[in-house]
Amino acid sequence: MTRALITGVAGQDGSYLAELLLEKGYEVYGVARGEGPHPNLAAAGDRLRLIRADLMDQASLVAALREARPREVYNMASVSFVPASWEQPVQTAHLAAVGVTALLEAIRSVDDRIRFYQASSSEIFGQPRDVPQTEGTRLSPLTPYGVAKAYGHFITRSYRARYGLHASAGILYNHESPRRPPEFLPSKLARAAARISRGLERSVMVGDLEARRDWGYAVDYVRAMWLILQQDQPDEYVICSGETHSVAELAELAFQHVGLDWREHVHSDPAFRRGSAELHHLVGDPSRAMTKLGWRREVDFEGLVRLLVDAELARLQAER
């Protein structure tokens, strides 16, 4: 039985990845922040083994690796909401930069045969020179989150070159699911559409309606993470949809799904607009992942929006 250790297992990606690995017969260990409860882990239940470790404490990571004895380690631990990284830049740097180094050092000291996956982000490209971005696009991060993730990306590459570790990275673009907190825009609009359709709210405020993103479904993207670690040679892969959609398109689809005209309920407020350091033309080219990994997304943009709204409607029904 293959063993895996997932840091940040209670988050969106970590929890979906844990379920995927369990379905494949893995023995899965996870590291989660805080004592819980962890609602995202409900589906995994007692099949998932939680162990204590702190990315800021290399000794605790060594102990976790010795206990779990994994063949694969997936590092998902990070501050995931980009605007929050401006409010917590030091914590962001600790988790997304220093923590990656501590984990790589722990792997090197315990078992250098472990396969390591680093969760990189399209934020490492910042204000890109290339559109679309590929694995060869120059890194030019602007946000604290992007800068910290760029460090994690580079140090993963460094340990692969210096020590011969099977250390890979997935450069993931925006990926959503019903497990995203409501501060993420797709979840916010899906929740608003569901609640307004039930007469519980009347309107929702967003920022720039013309802002565009490369959006995908988280379950598709964690499947790519697993595929990356099954390759004989470690590498880096852009994981994305390869297309962009505007906030207005997202709102239109969400409200259309509940039979409403989005223009009557969605309003733009300058207070919600992102700063100039956060809005750039980020759209990826997934060609390498499709060719080398055989990866394909199964849920398109329209399907994703419908899925998010249906999940919010189901939540409302359950509350009633």
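**Exercise 1. The span of helix H1**

What span should the twelve residues of H1 have at 1.5 Å a residue, and how far apart are its end C-alpha atoms?

Solution. This is a predicted model, in which local features need pLDDT of at least 70, side-chain atom pairs count only at pLDDT 80 or more, and totals for chains, interfaces and linings use all residues. Residues are numbered from 1 along each chain as its sequence is written, and side-chain values use heavy atoms, with hydrogens and water left out.

Step 1. Helices (H or I, at least four residues) and strands (E, at least two) are DSSP runs, numbered from the N terminus. The expected span of a helix is 1.5 Å times one less than its number of residues.

Step 2. For H1 the expected value is 16 Å, and the end C-alpha atoms are 17 Å apart, which agrees.

Step 3. Buried means under 20% relative accessible area, exposed means over 50%, and partly exposed lies in between (1.4 Å probe, protein chains only). Eleven of the twelve residues of H1 are buried, so the helix is largely enclosed by the rest of the structure. Among these buried residues are Gln-12, Asp-13, Tyr-16 and Glu-19.

Step 4. Just after H1, Gly-25 has a positive phi of about 90 degrees.

**Exercise 2. Helix H4**

Find the length of H4 and locate its kink.

Solution. Step 1. H4 covers residues 89–110, which is 22 residues. From first C-alpha to last it reaches 30 Å, close to the expected 32 Å.

Step 2. The bend at a residue is the angle between axes fitted to the seven residues ending there and the seven starting there. H4 has a kink of about 35 degrees, centred on Gly-99.

Step 3. Within this helix, the side chains of Glu-105 and Arg-108 form a salt bridge at 3.0 Å, N to O. The term stands for a side-chain nitrogen of Lys or Arg within 4 Å of a carboxyl oxygen of Asp or Glu. The two residues are three apart in H4, so about one helical turn separates them. Arg-108 is partly exposed, at 34% relative accessibility.

**Exercise 3. The nonpolar cores**

Which residues touch the most other members of the largest nonpolar core, and which element gives the largest share?

Solution. Step 1. A nonpolar core is a set of buried Ala, Val, Leu, Ile, Met, Phe, Trp, Tyr and Cys residues joined through side-chain atoms within 4.5 Å.

Step 2. The largest core has 34 residues, and Ile-6, Leu-21, Tyr-74 and Tyr-117 touch the most other members. Elements that give two or more residues include strand S1 (3–7), helix H1 (12–23) and helix H7 (218–229). H7 supplies the largest share, nine residues.

Step 3. Contact means heavy atoms within 4.5 Å. Not counting residues up to four places away in sequence, Tyr-74 touches Ile-6, Leu-21, Tyr-117 and Met-225, among others.

Step 4. A second, separate core of 30 residues includes Ala-194, Ala-211, Leu-253 and Leu-313.

**Exercise 4. Salt bridges with buried partners**

How many salt bridges does a search of the whole structure find?

Solution. Step 1. The search finds 19.

Step 2. One of the pairs is Glu-176 with Arg-180, at 3.2 Å, N to O. Glu-176 is buried at 1%, and Arg-180 is buried at 15%.

Step 3. Asp-220 and Arg-223 form another such pair, at 3.3 Å, N to O. They lie three residues apart in H7. Asp-220 is buried at 2%, as is Arg-223 at 19%.

Step 4. Arg-3, Glu-27 and Arg-49 are joined into one network by salt bridges that share partners.

**Exercise 5. Aromatic pairs**

Describe the pair of Trp-215 and Phe-301 and that of Tyr-221 and Trp-295.

Solution. Step 1. Rings of Phe, Tyr and Trp (its six-membered ring) pair if their centres lie within 6.5 Å; planes under 30 degrees apart count as stacked, over 60 as edge-to-face and the rest as tilted. The whole structure holds four pairs.

Step 2. Trp-215 and Phe-301 are stacked, with 5.9 Å between centres and 20 degrees between planes. Trp-215 is in the loop between S9 and S10 and Phe-301 is in helix H10, so the pair ties together parts 86 residues apart in sequence.

Step 3. Tyr-221 and Trp-295 are edge-to-face, at 5.7 Å and 85 degrees. Tyr-221 belongs to H7 and Trp-295 to the loop between H9 and H10, 74 residues apart. Both Tyr-221 and Trp-295 are buried.
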